[in-house]
Amino acid sequence: MQLQAIVGLVLTFSVLVAAPAFAQDTATLTGRVVDPSGAVVAGSQVTAVNTATNLEQSTTANEEGLYRIPALRPGTYRVTVTATGFKRFVRPDVDLRVGATVAVNVNLELGTLADTVEVRASTPLLETESSSTGTIVEGAFFYRMPLYQRWAKSIMYLTPGVTVSGFGWGGDLGGYQINGESSDRIGYFEDGIYGVRPSGGWTTDTIQNTIEEIKVVTTVLPAEYGHSAGGAITIVKRSGTNQLHGMASDLFREGAMQHRRFMQIYTFEQLGNSLHFHQPDANMSGPVYIPKLYDGRNKTFFMLAGQWLIERQGEQITYTVPTPAELAGDFSYAGSGVAPNPIYDPRTTRQLDGQWFRNPFPGNIVPKASWDRVATNFLSQKVWAEPNKTGTPTTTGYVENLQNVRQKTVDYYNYTSRVDHQAASKLRTFFTWSLNTRTSWTPDMSLLNIDYDASSRTTMETQTTAGIGATWVPSPTMVSESRLSYYRYKNDATWPGFGKDYGKLLGIPNIGAGSMPSITGIPYVSNPSVDVQETFNFKQDVSKLSGRHAFKMGYDLMRLRRNNYSITNNAGTFTLSGTNGLNANGSGIPNTGGKDLARLLTG
């Protein structure tokens with residue numbers, strides 16, 4: 001009992017410091033209670049019970065016979081109406097969808113409460129109380145669809161009024177528009193928590209197997225959507241029930257399952273081609289139950305889930321790398337059958353009698369005695385892989401002379417949880433949390449030294465979304481919804497070569513340790529950077545039923561914060577002279593000069 005009391009106090013306290021919620025992820029039940037003559041039955045007791053959790057919310061019909069129960073989690077409900085002198089009215093299987101306001105009108109029959117009238121409708125109830133419309137998809141149906149990478153935002157493909165430009169990847173909102181509005185005006189709500197990166201594009205990555213319902217609102221939005229003028233995606237995650245549930249699966253595709261490539265028809269198979277694509281996922285939900293300590297059935301529920309994307313793809317890639325002759329300063333390409341562009345020595349540039357001159361290197365060979373010191377130090381590190389095929393000769397050297405197998409890796413990890421607690425008959429609380437991480441790496445197999453490989457600058461992108469909230473019913477005609485939420489996006493880019501003394505390594509004085517200098521002909525990798533974007537959100541809504549009118553009011557406090565920096569390149573930029581020939585007026589002679597490597601050698 002002590003643990004039960006502690007859990008109740010903690011979750012109740014969470015409400016008091018939490019934020020008031022709006023109704024993006026809930027539904028409203030309303031209607032009118034009359035007797036057989038059509039007269040209103042004021043004071044009748046109306047109770048809605050969630051059949052999966054047995055959580056109930058009650059209200060009383062007012063003097064107009066009207067009742068209204070907002071802030072109900074989507075699901076199946078049993079509606080019971082009682083009044084003195086009338087039979088008990090029961091309407092089972094009332095299906096409430098996310099964002100819907102459904103009317104269940106009640107006709108009571110004379111009799112005693114011991115008698116029950118159960119009404120089963122043959123047609124589904126229609127929502128006639130709201131002007132906002134959109135597309136709703138049940139989570140179970142959405143999960144069964146073959147959506148690539150299981151993005152929740154792929155609901156946009158199924159929504160009328162949505163246009164998709166370009167690739168339209170489900171990993172962000174950048175390619176989508178609702179009714180012509182820009183994508184940065186689309187709101188994304190997970191359990192009512194606003195989860196959009198302040199700079200736009202990215203949103204919380206909801207795990208697909210946790211979705212109870214998903215809705216895209218495409219018409220005029222209610223006021224509580226505030227800044228989401230371009231439409232909104234509303235997701236309700238599953239909550240636990242009185243039964244323990246769990247699942248695990250793996251959606252995978254291996255190389256042997258792929259269709260044959262065209263050349264494979266003729267028995268040619270690309271070397272190193274492989275594919276391992278796996279998307280395992282799992283979830284568990286139910287009541288919080290600790291034997292002999294705490295029984296949360298009908299009171300406290302949990303849901304935990306994970307979803308992963310693990311991809312390893314090997315493929316043969318053709319690169320262009322310097323030949324051993326070029327690395328020795330020889331740009332003559334003897335035996336290639338192609339006349340090379342002549343290489344000129346920029347250090348011989350001069351002006352005589354108003355005309356410019358520059359001498360070519362004899363035989364298109366840059367003698368090692370004239371190599372720049374930086375180039376000599378750089379080439380001693382064996383930056384490039386050696387060619388393994390002849391390649392195609394051109395006037396500037398051989399191209400596509402290396403074939404190598406690269407292994408692309410992609411890792412997306414997603415975790416989420418939700419806890420619901422009935423703190424009192426008039427107070428319900430919840431906690432929700434999601435964590436998303438993304439990282440990928442595609443190496444450049446033409447480079448041996450990782451310091452000069454741009455792909456070695458890896459990025460870890462992380463999103464955290466969390467919120468606590470409550471629904472409080474201070475009177476039969478008033479409901480208060482509260483939520484406090486936090487969203488955080490972090491992009492952390494690192495580079496293993498940062499911090500080295502490249503001035504000492506390459507022989508460049510006075511540049512200090514830390515950054516790699518930007519030099520023509522040397523592969524350059526940018527420095528580490530960090531980008532953190534945060535959203536703090538506090539919401540409060542109050543619904544009040546007065547006579548024939550229902551009022552709703554509230555406020556939405558949102559603070560956006562962004563801290564980002566990248567380390568400045570303190571080593572500077574070095575631009576080298578060209579190796580092209582010069583016309584008399586100083587302009588470059590067409591089809592002269594060579595690769596950046598030649599410019600590097602001459603300094």
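This passage describes the confidence, the nonpolar core and the internal spaces of a predicted model.

The chain has an average pLDDT of 87, and 91% of its residues score at least 70. Among the elements of the chain, the highest mean pLDDT, 96, belongs to E28, whereas strand E1 (residues 19-20) has the lowest, 33. The pLDDT is below 50 over residues 1-22, a stretch that nevertheless has 55 contacts in the model beyond near neighbours in sequence.

The largest nonpolar core comprises 35 residues, and those touching the most other members are Phe331, Phe378, Tyr452, Leu506, Ile519 and Leu600. Two or more residues of this core are given by each of strand E22 (300-319), helix H4 (373-379), helix H5 (502-506) and helix H6 (596-602). When residues up to four places away in sequence are not counted, Phe378 touches Val383, Trp384, Tyr452, Leu506, Ile522, Pro523 and Leu600.

Several of these names recur around Leu447, a residue in the loop between strand E28 (427-441) and strand E29 (458-475). With residues up to four places away in sequence again left out, Leu447 touches Val383, Trp384, Tyr452, Asp453 and Pro523. Its relative accessible area is 14%, and Leu447 is therefore classed as buried. The C-alpha atom of Leu447 is separated by 8.8 Å from that of Lys382, which is 65 residues apart from it along the chain.

The largest pocket holds about 840 Å³ of space. It is lined by 48 residues, and Asn50, Arg73, Pro74, Glu212 and Ser239 are the closest to its centre. Strand E27 (residues 402-424) contributes the largest share of this lining, with four residues. By class, the pocket lining contains 21 polar, 14 charged and 13 nonpolar residues.

The structure also holds five cavities of 30 Å³ or more. The volume of the largest cavity is about 80 Å³. Its lining consists of 13 residues, with Gln149, Arg150, Trp151, Gln307 and Asn414 nearest the centre. At least two lining residues come from each of E22 and E27, and the largest share, three residues, is supplied by E22. Five of the lining residues of the largest cavity are nonpolar, five polar and three charged.

The second largest cavity encloses about 40 Å³. Arg68, Pro70, Thr477, Met478, Val479, Ser543, Lys544 and Leu545 form its lining. Strand E5 (66-72), strand E30 (478-494) and strand E32 (529-546) each provide at least two of these residues, with the largest share, three residues, coming from E32. The lining of the second largest cavity divides into four nonpolar, two polar and two charged residues.

Methods:
Residues numbered from 1 in each chain as written. Predicted model: local features only at pLDDT ≥ 70, side-chain atom pairs only at ≥ 80, totals over all residues. Heavy atoms only, no water. 1 Å grid on protein atoms, 1.4 Å probe; cavity = no way out; pocket = protein on both sides within 12 Å on 5 of 7 lines; lining within 4 Å. Points joined across faces, edges and corners; volume = space filled by probe spheres on them. Nonpolar A, V, L, I, M, F, W, Y, C, P; charged D, E, K, R; others polar. Buried < 20%, exposed > 50% of the residue type's maximum accessible area, 1.4 Å probe, protein only. Contact = heavy atoms within 4.5 Å. pLDDT = per-residue confidence, 0-100. Core = buried A, V, L, I, M, F, W, Y, C linked by side-chain atoms within 4.5 Å.
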